[in-house]
2 protein chains.
Amino acid sequence: MDFRIIAQDGSRRRAEIITSRGVIRTPAFMPVGTLGTVKAMSPEELKDIGAEIILGNTYHLYLRPGIDVIAALGGLHTFMNWDKPILTDSGGFQVFSLAPFRKIEEHGVQFRSHIDGSLHFIGPKEAMHIQKVLGSDIAMAFDECIPYPATYEYAEDSIKITTRWARECKAHQNEGQALFGIMQGGMFRDLRRKSIEDLLEIGFDGYAVGGVSVGEPKEEMHDIISFTAPLLPVDKPRYLMGIGDLGDMLTAVDAGFDMFDCVMPTRNARNGTLFTSSGRISIKREEFKIDKSPLDPDCGCHTCRNYSRGYLRHLFLSREILSMRLNTIHNLHFYQDFFRKMRSAIEEKRFGEFKRQWEGVFGHEGNVDPTITGV
Amino acid sequence: MDFRIIAQDGSRRRAEIITSRGVIRTPAFMPVGTLGTVKAMSPEELKDIGAEIILGNTYHLYLRPGIDVIAALGGLHTFMNWDKPILTDSGGFQVFSLAPFRKIEEHGVQFRSHIDGSLHFIGPKEAMHIQKVLGSDIAMAFDECIPYPATYEYAEDSIKITTRWARECKAHQNEGQALFGIMQGGMFRDLRRKSIEDLLEIGFDGYAVGGVSVGEPKEEMHDIISFTAPLLPVDKPRYLMGIGDLGDMLTAVDAGFDMFDCVMPTRNARNGTLFTSSGRISIKREEFKIDKSPLDPDCGCHTCRNYSRGYLRHLFLSREILSMRLNTIHNLHFYQDFFRKMRSAIEEKRFGEFKRQWEGVFGHEGNVDPTITGV
């Protein structure tokens with residue numbers, strides 16, 4: 001994997017990650033393909049909207065269909081018919097957020113499946129083995145993602161575990177697969193600093209910030225985002241994990257982050273919440289009943305080129321599968337387009353202006369539809 | 001609308017229905033787009049699999065989103081982004097099979113919506129008005145579809161109603177829209193004969209046989225199919241309504257029917273039941289767990305060209321939307337391909353042989369997977 005910076009606008013970076021399966025232009029948004037499919041989308045549609053990399057979830061794929069199945073069916077790319085880059089997380093986050101039972105041991109975590117309660121063990125060695133079988137282009141180190149709030153003592157002990165596991169992951173790095181380390185440390189600046197120092201000593205192909213958006217107030221999140229970015233090496237990709245709110249990503253790109261993933265555009269699409277150039281809208285609203293216009297007159301996506309708001313409202317209220325398809329195409333296209341615009345803004349050294357403009361639409365004081373559920 | 005017969009093989013017909021929105025090669029299968037979408041499919045995918053006409057349900061569209069909405073949004077074609085022919089049923093079948101309450105009056109039926117219990121009235125005049133607003137290329141007359149079993153007296157009285165309503169529909173036929181009459185008469189040969197005589201006297205652009213597959217044994221169904229086909233005029237399209245079992249359609253094409261519609265391929269797809277050249281299979285079966293091969297090695301559809309049985313099984317067990325999409329593409333492609341083959345067999349005067357061959361696969365003694373549910 002190669003990484004090169006194309007342009008800079010202050011702290012903001014316009015770069016490229018070069019992999020054997022293709023180039024990823026950053027800042028980049030990675031649609032989430034939890035179970036070997038980005039929900040409601042086909043691989044062709046993902047390419048059409050401009051996705052250059054997707055994310056696969058190690059924890060979910062390990063449980064369903066299981067890695068023996070994926071191995072027998074040729075690895076994750078062949079399995080799901082996606083020939084561009086895939087980043088896999090390590091399973092750490094899900095073990096700590098989804099499993100109904102878990103016990104941290106020296107070399108990993110014993111946990112019960114959230115599906116059937118069966119007992120499993122994943123540690124750094126296992127996470128690297130699973131990601132080898134999945135055959136992702138970028139693997140993530142196995143970390144402990146601590147809850148919010150956490151005491152200083154807990155967070156301090158935890159980064160020792162995360163560092164030890166990161167070292168074990170590095171020792172088991174798979175050939176032909178990039179490996180990113182994950183900084184933890186909760187909301188404590190000195191622990192965040194300690195964590196990245198540990199990771200830098202080990203040495204990774206890229207660096208991620210984890211343990212953000214775990215329930216903390218926006219101010220604390222933005223503080224951690226702005227504080228951590230400059231601690232990460234300039235010559236490697238910087239990945240802010242699990243953050244997908246447009247306002248938060250503007251803050252993060254501003255601080256110097258390159259990569260993002262989140263279920264927000266896909267999950268919101270299925271719930272009927274759509275992103276437009278004038279803010280979020282809920283497609284079920286009565287006012288769209290006989291509205292002939294496209295979702296977003298400024299959008300060139302397949303959905304906006306071919307369907308009216310009235311039809312999309314009808315499909316949503318009728319719970320038709322095409323509703324989830326067309327909404328997801330739109331939201332992911334909106335996200336990819338937003339990132340294209342961010343990249344241009346950095347190239348043209350006008351990111352500050354771009355950020356102010358969009359914060360007026362999607363910022364925390366912005367145009368948020370109060371009828372939206374689940375956002 | 002024009003109709004011309006291209007080739008004949010005994011009683012079997014290879015014909016074309018020429019409409020202003022395109023040519024429909026018959027025998028033709030019409031995928032069902034109940035609520036303004038063929039479930040799980042996009043219009044582009046429907047065209048890719050070779051669909052030349054789809055069916056829309058008057059009853060369903062009248063209730064949701066309502067004809068005022070469809071009128072405001074430019075008619076059904078524009079609403080759903082489908083520019084090829086559409087046939088709409090009259091709503092009669094659904095009023096009699098879905099509505100929780102109905103009362104037959106002289107000029108139509110009062111009924112309650114199966115969605116919210118609201119009271120409505122549809123008769124021939126209303127059915128023609130709704131179909132005018134929908135803007136379908138072929139409209140169906142409003143009929144009474146009687147239950148099975150029905151007494152001779154009930155069936156006799158009923159065809160009087162159906163005839164009267166057919167006459168009213170004809171009187172309200174919409175400009176630029178073909179209108180088909182529907183023969184009823186239950187399982188009584190003389191009533192079936194009387195019904196078509198009445199319809200012929202009125203005169204329609206095509207003739208349908210309704211009231212079949214309403215619970216009667218297969219033998220009775222096949223008897224009615226074989227008995228009614230020769231009663232229909234040779235120079236007009238003959239449509240057997242709601243029949244989509246492959247074996248039944250072979251019988252019907254053999255007898256001289258041209259058009260078919262059924263939710264079977266789409267509904268079965270969503271339930272994981274797939275049609276292949278060696279019979280029906282349930283994709284959830286354990287034996288497909290690590291099966292790299294396509295669903296049907298003889299199939300050229302998008303699903304079979306790109307995905308393994310193992311992946312399709314995983315998607316189905318994980319209840320992913322892509323499962324319903326890929327399964328529906330396959331089943332509808334299989335149906336369209338089956339009809340292409342039937343058309344060639346008629347052109348090449350070898351339909352008898354074709355029918356025997358496929359009855360070995362899909363006939364009533366054929367290879368039906370006992371694990372299939374809902375078939």
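1. Start with the second largest pocket of this predicted model. Helix α11(B) supplies the largest share of its lining, five residues. Other elements of chain B that give two or more residues to this lining are α5 (92–97) and α9 (218–228), alongside α11 (264–270) itself. The pocket encloses about 1,000 Å³ of space.

2. Which residues lie nearest the centre of that pocket? They are Phe93(B), Gly242(B), Asp261(B), Cys262(B) and Val263(B), out of 43 lining residues. Phe93(B) falls in the range of α5 (92–97) of chain B. By class, the lining divides into 16 nonpolar, 17 polar and 10 charged residues.

3. Next, the enclosed spaces. A probe the size of a water molecule, rolled over the atoms, shows where empty space is left. The structure has four cavities of 30 Å³ or more. The largest cavity holds about 50 Å³. Its lining comes from chain A: Ser277(A), Asp296(A), Asp298(A), Cys299(A), His333(A), Phe334(A), Asp337(A) and Lys341(A). Four of these residues are charged, two are polar and two are nonpolar. His333(A), Phe334(A), Asp337(A) and Lys341(A) fall in the range of α14 (321–347) of chain A.

4. Now the interface. Interface size is often given as the accessible area lost when the parts come together. Here chain A and chain B bury about 3,100 Å² between them, and carbon and sulfur atoms give 60% of that area. On the chain A side, His314(A), Ile321(A) and Arg325(A) lose the most area to chain B. Together these three account for 18% of what that side buries. Each chain brings 38 residues to the contact.

5. How many salt bridges link chain A and chain B? The count is four. In one salt bridge, the side chain of Arg325(B) meets that of Glu45(A), with N to O at 2.8 Å. Polar contacts across the interface come to 12 residue pairs, both partners at pLDDT 80 or more.

6. Which elements build the chain A side of the interface? Those giving two or more residues are α1 (43–48), α3 (67–72), α4 (75–80), α12 (302–306), α13 (309–317) and α14 (321–347) of chain A. Helix α13(A) gives the most, with five residues. By class, this side has 18 nonpolar, 10 polar and 10 charged residues. Of the residues already named, His314(A) falls in the range of α13 (309–317), and Glu45(A) in that of α1 (43–48).

7. Some backbone points deserve a look. Most peptide bonds are trans, and most residues other than glycine have a negative phi. In chain A, the bond from Tyr148(A) to Pro149(A) is cis, with omega near -5°. Pro149(A) sits in the loop between β11 (138–140) and α7 (152–171) of chain A. In chain B, a cis peptide bond joins Arg64(B) to Pro65(B), with omega about 5°. Pro65(B) is in the loop between α2 (58–63) and α3 (67–72) of chain B.

8. Where does a residue other than glycine take a positive phi? Ala40(A) does so, with phi near 80°. Ala40(A) lies in the loop between β5 (32–33) and α1 of chain A. That helix, α1 (43–48), is among the elements that give two or more residues to the side touching chain B.

Technical notes. Residues numbered from 1 in each chain as written. Chains lettered and ligands numbered in written order. Predicted model: local features only at pLDDT ≥ 70, side-chain atom pairs only at ≥ 80, totals over all residues. Heavy atoms only, no water. Contact = heavy atoms within 4.5 Å. Buried area = accessible area lost by both parts, 1.4 Å probe. Polar contact = N/O pair within 3.5 Å; in protein donor to acceptor, adjacent residues only side chain to side chain. Helix = DSSP H or I, 4+ residues; strand = E, 2+ residues; numbered from the N terminus. Nonpolar A, V, L, I, M, F, W, Y, C, P; charged D, E, K, R; others polar. 1 Å grid on protein atoms, 1.4 Å probe; cavity = no way out; pocket = protein on both sides within 12 Å on 5 of 7 lines; lining within 4 Å. Points joined across faces, edges and corners; volume = space filled by probe spheres on them.
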